[in-house]
Amino acid sequence: MEETLFDEEFFNYYFIDNFEGIFLVLVSKEQRILDVLVQKLLKYADFVENRVTSSDEWIKNIIREPFEFIDGVWIDPDFHEINTSGIVIKLTPGLAFGTGLHDTTKLAAELLRKYLKPGDVVLDLGCGSGILSILAKKMGAGRVVAVDNDPLAVEVAKENAKKNGVDIEIRQSDLFSNVTGKFDLIISNIIAEILLKVLEQVKDFLNFNGKVIFSGIVDSKVDLFTQQKVVEHRRKNEWNALVIKF
Ligand SMILES: C[S@@+](CC[C@H](N)C(=O)[O-])C[C@H]1O[C@@H](n2cnc3c(N)ncnc32)[C@H](O)[C@@H]1O
């Protein structure tokens, strides 16, 4: 199902796994979009229900308690007191992808932690909720630029950056169209086909020795990247993430 959703470039979904079973929830303001997706997903599902809810409500329905996103990094959907020596990210994803529950975000975050050096200049291409940019900043990055082509994601990422008290340059951009400057790390968790487009331009935006972290690549698409100089390859379930140097 996730592969179908990624192919459709639909990222606003989440799973609820409880005693009644595993539920896939699709979130959109447009019924038309949901209807098309439901048709494509029906073959995997036993039951489909449409429920209308407000954007503030839906996220509160799933993530109420803080959870450990990756080792030592906690996501707090509200304002809890978390007793940890690690990092806490306050996050209300709203309608943007990037709750921290998805394997692709976890893979990207783990690699970000491994490859980020203090003061690095970072570009987050397809920032969604801003989760990876906020993490980068909290781990000691210097300048962080976060872009998304979805205006809603830009809005949500700005809100989340403010909530975490971090200074991130967030703006709308179709890939690099509204990006200037050079970066030590470029991180992007989008589908493989779009990552290939990123590759066409990425060199112009990398500092000497700069690296690219790609996530969101399903098993069947990993071969599209075999020509690249892959420094590290990680996998969780059917998802792959790569660190590439040039
Ligand atoms: C899978 S989400 C990743 C969100 C977040 N970075 C994370 O890792 O959880 C992909 C994001 O890329 C954005 N996106 C897709 N195509 C894009 C493009 N051409 N330019 C910029 N952003 C894009 C989507 O709007 C979405 O917010």
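**Reading a predicted model, feature by feature**

Biologist: Which residues are closest to the ligand, and how many surround it?

Modeller: This is a predicted model. The ligand is surrounded by 23 residues. Gly-98, Thr-105, Gly-126, Gly-128 and Asn-189 are the closest.

Biologist: Which helices and strands each supply at least two residues of that shell?

Modeller: Three elements do: helix 4 (103-115), helix 5 (131-138) and strand 7 (144-148). Helix 4 gives the largest share, 3 residues.

Biologist: How do the shell residues divide into nonpolar, polar and charged?

Modeller: The shell around the ligand has 12 nonpolar, 8 polar and 3 charged residues.

Biologist: Now the whole chain. How many helices and strands does the protein have?

Modeller: There are 7 helices and 12 strands. The protein has 246 residues, and 34% of them count as buried. Take the contacts with a separation of 6 or more: 59% of them join residues 24 or more positions apart.

Biologist: Where are the domains?

Modeller: Domain 1 covers 2-52 and domain 2 covers 97-245. Their centres, taken over C-alpha atoms, are 25 Å apart. Domain 1 brings 6 residues to the contact, and domain 2 brings 7 residues. On the side of domain 1 that touches domain 2, 3 residues are nonpolar, 1 is polar and 2 are charged.

Biologist: Let us turn to sheets. What holds the strands of a sheet together?

Modeller: Strands in a sheet pair through backbone hydrogen bonds, in parallel or antiparallel fashion. Here is one case. An open sheet of 3 strands runs in the order 3-4-5, with mixed pairing.

Biologist: Which strands stand at the edges of this sheet?

Modeller: Strand 3 (67-70) and strand 5 (87-90) do. Each has a single partner strand, so one side of each lacks a neighbour in the sheet. From one strand to the next, the twist averages 35°.

Biologist: In which sense do strand 3 and strand 4 pair, parallel or antiparallel?

Modeller: Strand 3 and strand 4 (residues 73-76) are antiparallel, with 3 bridges. One pair to find is Ile-70 with its bridge partner Val-73 in strand 4. Then look for helix 4, which lies across strand 3 and strand 4. Helix 4 runs at about 65° to strand 3.

Biologist: What is the strand order in the sheet of 7 strands?

Modeller: The order is 8-7-6-9-10-12-11. This sheet is also open, with mixed pairing. Strand 8 (169-172) and strand 11 (229-236) are its edge strands, and each pairs on one side only. Direction ignored, neighbouring strands are turned by 15° against each other on average.

Biologist: How many bridges join strand 7 to strand 8?

Modeller: There are 4 bridges, and the two strands run parallel. Val-145 has Glu-169 in strand 8 as its bridge partner.

Biologist: Which strands of this sheet does helix 4 touch?

Modeller: Helix 4 packs on the sheet and touches strand 9 (183-189), strand 10 (206-218), strand 11 and strand 12 (239-245). The direction of helix 4 makes about 160° with that of strand 10. Helix 6 (residues 151-163) packs on the sheet too, touching strand 7 and strand 8. For helix 6, the angle with the direction of strand 8 is about 165°.

Biologist: Is strand 12 largely enclosed or largely open, and why?

Modeller: Strand 12 is largely enclosed by the rest of the structure, because 5 of its 7 residues are buried. Strand 12 also has two antiparallel partners: strand 10, through 7 bridges, and strand 11, through 7 bridges. On the strand 10 side, Val-212 stands opposite Ile-244. On the strand 11 side, Arg-234 has Ala-241 as its bridge partner.

Biologist: How many residues lie between strand 11 and strand 12 in their hairpin?

Modeller: The hairpin has 2 residues between its strands. Asn-237, in the turn, has a positive phi of about 50°.

Biologist: One last residue. Where does Gln-228 lie?

Modeller: Gln-228 is in the loop between strand 10 and strand 11. A residue counts as buried at 20 or more other C-beta atoms within 10 Å, and as exposed at 12 or fewer. Gln-228 has 15, so it is partly exposed. Gln-228 and Leu-242 are 14 residues apart in sequence, and their C-alpha atoms are 9.7 Å apart in space.

Definitions and conventions. Residues numbered from 1 in each chain as written. Predicted model: local features only at pLDDT ≥ 70, side-chain atom pairs only at ≥ 80, totals over all residues. Domains from an automatic or database assignment. Contact = placed C-beta atoms within 7 Å. Nonpolar A, V, L, I, M, F, W, Y, C, P; charged D, E, K, R; others polar. Near = placed C-beta within 6 Å. Pairing = 2+ DSSP bridges. Axes fitted to C-alpha atoms, helices over the stretch in contact; angles between N-to-C directions.
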